[in-house]
Amino acid sequence: MFATGHGPFPSYLLRFNLRTHDNCSCGEKGDPIHYATKCPFTLSWHFQTPTVLLNLQWLKNILTNNFSRTRLRLLMRFICDENNLIVEDNN
């Protein structure tokens, strides 16, 4: 879900008109990179922010490293379980 951007992310849900905006509760765009690097609600699972040019290499490194994959799984579990906390709903 993280690598493709599919899942409980506001940026994904907006494409299907399931949300009226793509903002996280912290006010920034709620895409997978935001939750993995900047969101104050997911601080425990943050990764180092990738540069724009190395975004694909950054993702590949995370997906091939066992420790990083475990942290990513925990992050995704938190996002799924606490979706009402991290997704601002103005409906």
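Let's start with burial: a residue is called buried when its relative accessible area is under 20%, exposed when the value is over 50%, and partly exposed in between, using a 1.4 Å probe and protein chains only. The coordinates are those of a predicted model, in which local features need pLDDT of at least 70 and side-chain atom pairs count only at pLDDT 80 or more, while totals for chains, interfaces and linings use all residues. Residues are numbered from 1 along each chain as its sequence is written, and side-chain values use heavy atoms, with hydrogens and water left out.

A good place to begin is helix α3, which spans residues 55-64. Helices here are DSSP runs of H or I with at least four residues, strands are runs of E with at least two, and both are numbered from the N terminus. Within α3, W58, L59 and I62 are buried. These three lie on the same side of the helix because they cover an arc of only 95 degrees around its axis, the arc being that of the directions from the helix axis to the C-beta atoms. Turn to the other side of α3 and you will find L56, K60 and T64 exposed. What do the buried residues of α3 pack against? Their partners are α2 (32-37) and α4 (66-81), where contact means heavy atoms within 4.5 Å. N61 also belongs to α3 and is partly exposed, with a relative accessible area of 41%. Its C-alpha atom is separated by 23 Å from that of P8, 53 residues apart from N61 along the chain.

Now stay with W58 and look at what surrounds it. Leaving aside residues up to four places away in sequence, W58 touches F2, I33, A36, T37, F47, Q48 and P50. One of these neighbours, F47, forms an aromatic pair with W58. Such pairs are counted between rings of Phe, Tyr and Trp (its six-membered ring) whose centres lie within 6.5 Å; planes under 30 degrees apart are stacked, those over 60 are edge-to-face and the rest are tilted. By this rule the count comes to five aromatic pairs. One of them joins W45 and F78 in a tilted arrangement, 4.9 Å centre to centre with 35 degrees between the planes. W45 lies in the loop between α2 and α3 and F78 in helix α4, so this pair ties together parts that are 33 residues apart in sequence. Both W45 and F78 are buried. The pair of F47 and W58 is edge-to-face, with 6.3 Å centre to centre and 90 degrees between the planes. Here F47 sits in the loop between α2 and α3 and W58 in helix α3, so the pair ties together parts that are eleven residues apart in sequence. F47 and W58 are both buried, and ring pairs link F2, F47 and W58 into a cluster. F47 has a further partner in R71, whose charged end sits over the ring of F47, 4.2 Å from its centre. For that label, NZ of Lys or CZ of Arg must be within 6 Å of the ring centre and within 35 degrees of the ring normal.

From here it is a short step to the nonpolar core, a set of buried Ala, Val, Leu, Ile, Met, Phe, Trp, Tyr and Cys residues joined through side-chain atoms within 4.5 Å. The largest such core has 20 residues, of which F2, F9, Y35, W58 and I79 touch the most other members. Each of α1, α2, α3 and α4 supplies at least two residues of this core, and α4 gives the most, with five. Y35, found in helix α2, is buried with a relative accessible area of 0%. Its contacts, not counting residues up to four places away in sequence, include F9, P10, C24, L75, I79 and V87.

Finally, how many salt bridges does a search of the whole structure find? It finds one, a salt bridge being a side-chain nitrogen of Lys or Arg within 4 Å of a carboxyl oxygen of Asp or Glu. E28 forms it with K38, and the closest N and O atoms are 3.7 Å apart. E28 lies in the loop between α1 (10-15) and α2, and K38 in the loop between α2 and α3, ten residues apart. E28 is partly exposed at 35% relative accessibility, as is K38 at 46%.
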